[in-house]
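Please look over the sequence and the structure shown here before reading the briefing. It is written for work at the bench and is grouped by topic.

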Amino acid sequence: MAKPFPILGFDVGGTKVAVSLVLSDGTLVASSRVPNKEREPDDVLPAMVSAGKSLLADAGIPREELKAVGVCTPSPLDFKRGIVMAPPNMKMWKHVPIRDFLAEEFGVRAFFDNDANASGLAEWLFGSGVGVQDMLYLTMSTGIGAGVIANGHLLRGATCDAGEVGHMILDANGPLCNCGLRGCWEAFSGGRAIAQRMQRELADKPNSTIVKLAGSLENIDMKTLSDAVLANDPYACAVWDGMMERNAQSSPSAPSPSSAATSS
Amino acid sequence: MKPLLERVRKYGWKQPREACSIVPGKLGSKLGEYAGASVALYALHEIGEWDLPWQNN
Ligand SMILES: [Zn+2]
C-alpha cells in the first residue's frame, strides 16, 4: 500500500472554521478552529492559513509533503470558479475566491465544494457510508441539505445543486420558506423555521414549558424543543411529531438510495 | 413517539424503500474535521490519484 499523504481541510461555517490535518488513510492528525462569527474574510482567511501552517509544523510535516487542500463552505457558491457567493449566515463573505487563495498560499492544488456535499463525502469515505455505491446523506440543521452518492460518484447536477433537497415542495399552500416558495421541506422541518414558528405561537404564552426552558422567547431553538419533548410537554411533542411526519414524507422522495446516512 | 422508519412506510414506494436503510451519521463531532479533507480526497480520486479506502487492499 502506498504511504499515506497529508491533506489540509477547511470547513468554513457561520461561527467558526474547522481546520484539520488528515492523512489519506483517514487518520485525523490534528485540528484547530478559527472564529468566523461576523468577521470579514480579510481577517479570517489569513488566520486559516496560519492555523493550517501551524498544524503542519506541529506534526513535523514539511510543506512540500502536503498533497492538496480541501475547503467547503455553505451555499450559494460558484463551484467551477471556487468562489463563495454570500451565504445567508456569512453575510460578509461576498464573492470570495477562497479556493485559489488557499492554493496560492499553500502552493498546492485546492479543491472546493459545498458543506452538504463535503459532509456527505466524509460520511461516505470514513463514516457510516463506507463501501456503499449509493447513498443519500441528509443534514438537518438550520436548513436541510443533502449529499448524494450515485453509482460511486458524487452527484452534482447541471448547476451543482443536486443535493438541495430542502426546497422540495411538500404542500404548495404550506408555510412560507426563506427561498420565497411555500411548503418546502425546510419550511416545515428546518431548525430556523421551527424555531420561528414556536416563537410566533408562544409569543403570548410566557408560562409555557418551552419559553421557560429557553429563558426567553428569542432563545427558543431546536435544543429547547428536544428538551421539552424529553420533559413530555404536549405542545413540544406535537411540534416534534409534525416535523417527523414531514421528514418521513420527504426522505423517500429524495433520490432513491440503497443506503442512507442521516445526521442531525 | 413513532420512529422515522415506521413513518416512512406510509410514504415510500415499497421496493426502493425496502432496499434502503436509514442510519445515523458516524462521524458526529468529527464531521467538520473530515469534511474539508474529504473534498480534496474525492477530487484526487476523480482524477485517479487516490483509491477509495475500500479499494486499496
Ligand atoms: Zn424553500
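The points below take up the interface, the helix packing, the charged pairs and the backbone in turn.

The structure is a predicted model, and the account starts with how its chains A and B meet. In the model, 41 residues of chain B are in contact with 61 residues of chain A, and about 4,300 Å² is buried between the two chains, with carbon and sulfur atoms giving 67% of that area.

**The side of chain B that touches chain A**

- Within chain B, the residues that lose the most area to chain A are Glu33(B), Tyr42(B) and Trp54(B), which together account for 16% of what that side buries.
- Between chain B and chain A there are seven salt bridges, and the count of residue pairs in polar contact, both at pLDDT 80 or more, is 12.
- Helix 1 (4-8), helix 2 (14-19), strand 1 (22-24) and helix 3 of chain B are the elements that give two or more residues to the side touching chain A.
- Helix 3 of chain B supplies the largest share of that side, namely 15 residues.
- By residue type, the side of chain B that touches chain A divides into 26 nonpolar, eight polar and seven charged residues.

**Packing of the two helices**

- Helix 3 of chain A (residues 115-126) packs against helix 3 of chain B (residues 31-46) at an angle of about 85 degrees, and their axes are 7 Å apart.
- Because angles of 65 to 115 degrees count as roughly perpendicular, helix 3 of chain A and helix 3 of chain B are described as roughly perpendicular to each other.
- On the chain A helix the contact is made by residues including Ala118(A), Leu121(A), Trp124(A) and Phe126(A), while those on the chain B helix include Leu31(B), Tyr34(B), Val39(B) and Tyr42(B).
- The residues of this contact between the two helices divide into 12 nonpolar, two polar and one charged.

**Charged pairs**

- Side chains of opposite charge can pair when their charged atoms come close.
- Over all chains, a search of the whole structure finds 14 salt bridges.
- One salt bridge joins the side chains of Glu33(B) and Arg33(A), with an N to O distance of 3.8 Å.
- Another salt bridge, between Glu201(A) and Arg197(A), has its closest N and O atoms 3.2 Å apart.
- Glu201(A) and Arg197(A) are separated by about one helical turn, because they are four residues apart in helix 5 (residues 191-201) of chain A.

**Backbone details in chain A**

- The peptide bond from Ser75(A) to Pro76(A) is cis, with omega near 0 degrees, and Pro76(A) lies in the loop between strand 4 (68-73) and strand 5 (77-78) of chain A.
- Ala86(A), although not a glycine, has a positive phi of about 130 degrees, and Ala86(A) is found in the loop that runs between strand 6 (83-84) and helix 2 (98-106) of chain A.

Key: Residues are numbered from 1 along each chain as its sequence is written. Chains are lettered from A and ligands numbered from 1 in the order in which they are written. This is a predicted model: local features need pLDDT of at least 70, side-chain atom pairs count only at pLDDT 80 or more; totals for chains, interfaces and linings use all residues. Side-chain values use heavy atoms; hydrogens and water are left out. Axes are lines fitted to C-alpha atoms, for helices over the stretch in contact, and angles run from 0 to 180 degrees between N-to-C directions. Angles under 35 degrees count as roughly parallel, over 145 as roughly antiparallel, 65 to 115 as roughly perpendicular and the rest as oblique. Contact means heavy atoms within 4.5 Å. Ala, Val, Leu, Ile, Met, Phe, Trp, Tyr, Cys and Pro count as nonpolar, Asp, Glu, Lys and Arg as charged, and the others, Gly among them, as polar. Buried area is the accessible area (1.4 Å probe) that two parts lose on being put together, summed over both. A salt bridge is a side-chain nitrogen of Lys or Arg within 4 Å of a carboxyl oxygen of Asp or Glu. A polar contact is a pair of N or O atoms within 3.5 Å; within protein, one must be able to donate a hydrogen and the other to accept it, and residues adjacent in sequence count only if both atoms are side-chain atoms.
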